[in-house]
Each structure stands twice: as structure tokens, then as C-alpha cells.
Amino acid sequence: MKKVGIIRCQQTEDMCPGTVDFKFAALGKGSFAETGACEVVGFVSCGGCPGKKVLPRVKMMLERGANVIAFASCMKNGNPTGFACPHFQQIEKSVKNNISAEITVLDWTH
């Protein structure tokens with residue numbers, strides 16, 4: 001079973017406990033259809049705009065066994081606020097450029 005670390009938008013923490021992210025990871029649904037069922041090994045925020053804390057947090061989750069990094073749907077799609085992260089493309093590019101090619105990066109969860 002793959003192990004996933006999920007990055008979420010800090011601004012959605014007050015309104016979303018991540019329940020659907022965990023459920024979809026465990027069931028291999030949504031974007032996790034690509035990887036199959038995953039065990040969540042970390043669920044952290046970006047650290048706030050503009051997301052400068054993402055890389056150290058990704059590295060921390062990789063050290064804890066993650067071989068998949070998923071951006072929660074709040075980052076790219078703006079769930080549940082309807083406002084996507086204005087820094088998402090830069091954050092995603094930074095993560096992809098600073099991790100091993102063997103690590104799968106998912107740009108949404110559900």
C-alpha cells in the first residue's frame with residue numbers, strides 16, 4: 001500500500017477537517033484511483049500564503065515514509081470556499097522540482 005502526505009490550504013482549516021480526503025485515500029477513489037488505496041502518513045497545511053513552508057513539510061512527510069504527495073482539493077479547486085490557492089502553480093512546480101522522480105504528486109484529492 002502506498003503512503004501519502006497531504007498538503008492543504010491553511011485558510012480552509014477552520015471549515016474542513018479533511019474527512020473526505022482521508023476516506024478517498026483509504027478507498028483509492030478520486031485522484032487516488034491513480035495510486036490505489038493509500039495510508040495517510042501526514043496531513044499538513046501549506047503554512048499560509050504564499051506557501052513557503054510547503055517544501056520543508058513535504059520533506060518531513062517523505063522522511064516519514066510518504067511515496068505520494070497529494071495537494072488537497074482546496075489548493076487547486078478551491079473546495080469548499082470556491083477560492084483556489086493563487087500560488088498553487090508555483091507551489092506545485094516547486095515541489096515537483098525538489099523531490100525524487102519516484103514520488104507521485106497528485107494535484108487534487110476528491
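Methionine 75 is a busy spot in this predicted model. Leaving aside residues up to four places away in sequence, Met75 touches Ile7, Arg8, Cys9, Cys46, Ala84, Cys85, Phe88 and Ile91. That list fits with the place of Met75 in the largest nonpolar core, where Met75 is among the residues with the most contacts, along with Val4, Ile7, Phe32 and Phe71. The core has 29 residues. Its members come from many parts of the fold: strands S1 (2-8), S2 (38-45), S3 (68-71) and S4 (104-106) each supply at least two residues, and so do helices H1 (19-27), H2 (54-63), H3 (73-76) and H4 (88-97). The largest share comes from S3, with 4 residues. As a general point, nonpolar side chains in soluble globular proteins tend to be buried together.

Strand S3 is worth a closer look. Val68 and Ala70 point one way from S3, while Ile69 and Phe71 point the other way, and all are buried. As for strand partners, S3 pairs with S1 in the parallel sense over 4 bridges; here isoleucine 6 has alanine 70 of S3 as its bridge partner. S3 also pairs with S4, again in the parallel sense, this time over 3 bridges. In that pairing, isoleucine 69 is matched with valine 105 of S4.

Next comes helix H2. Which residues of H2 are buried? They are Val54, Val58 and Met61. These residues sit on the same side of H2, because they cover an arc of only 65° around the axis. The cover over the buried residues of H2 includes S1, S2, S3 and H4, so strand S3, which gives the core its largest share, is also part of what covers this helix. Just after H2, glycine 65 takes a positive phi of about 105°.

Turning to charged side chains, how many salt bridges does a search of the whole structure find? The count is 2. In general terms, side chains of opposite charge can pair when their charged atoms come close. One of the pairs joins aspartate 107 and lysine 76, at 2.8 Å from N to O. This pair ties together distant parts of the chain, with lysine 76 in helix H3 and aspartate 107 in the segment after S4, 31 residues apart. Lysine 76 counts as partly exposed, at 38% relative accessibility.

The salt bridge between glutamate 92 and lysine 96 has an N to O distance of 3.5 Å. Both residues belong to helix H4, and because they are 4 residues apart there, about one helical turn separates them. Is each partner buried or partly exposed? Glutamate 92 counts as buried, since its relative accessibility is 13% and the cut-off for buried is under 20%. Lysine 96, on the other hand, is partly exposed, with a relative accessible area of 44%.

Helix H4 also holds glutamine 90. Glutamine 90 is exposed, because its relative accessible area of 61% is over the 50% cut-off. Between the C-alpha atoms of glutamine 90 and lysine 3 there are 24 Å, and the two residues lie 87 residues apart along the chain. H4 thus holds the exposed glutamine 90 and the buried glutamate 92, and it supplies at least two residues of the largest nonpolar core.

Terms used:
Residues are numbered from 1 along each chain as its sequence is written. This is a predicted model: local features need pLDDT of at least 70, side-chain atom pairs count only at pLDDT 80 or more; totals for chains, interfaces and linings use all residues. Side-chain values use heavy atoms; hydrogens and water are left out. A nonpolar core is a set of buried Ala, Val, Leu, Ile, Met, Phe, Trp, Tyr and Cys residues joined through side-chain atoms within 4.5 Å. Buried means under 20% relative accessible area, exposed over 50%, partly exposed in between (1.4 Å probe, protein chains only). Contact means heavy atoms within 4.5 Å. The arc is that of the directions from the helix axis to the C-beta atoms. Two strands pair if DSSP finds at least two bridges between them. A salt bridge is a side-chain nitrogen of Lys or Arg within 4 Å of a carboxyl oxygen of Asp or Glu.
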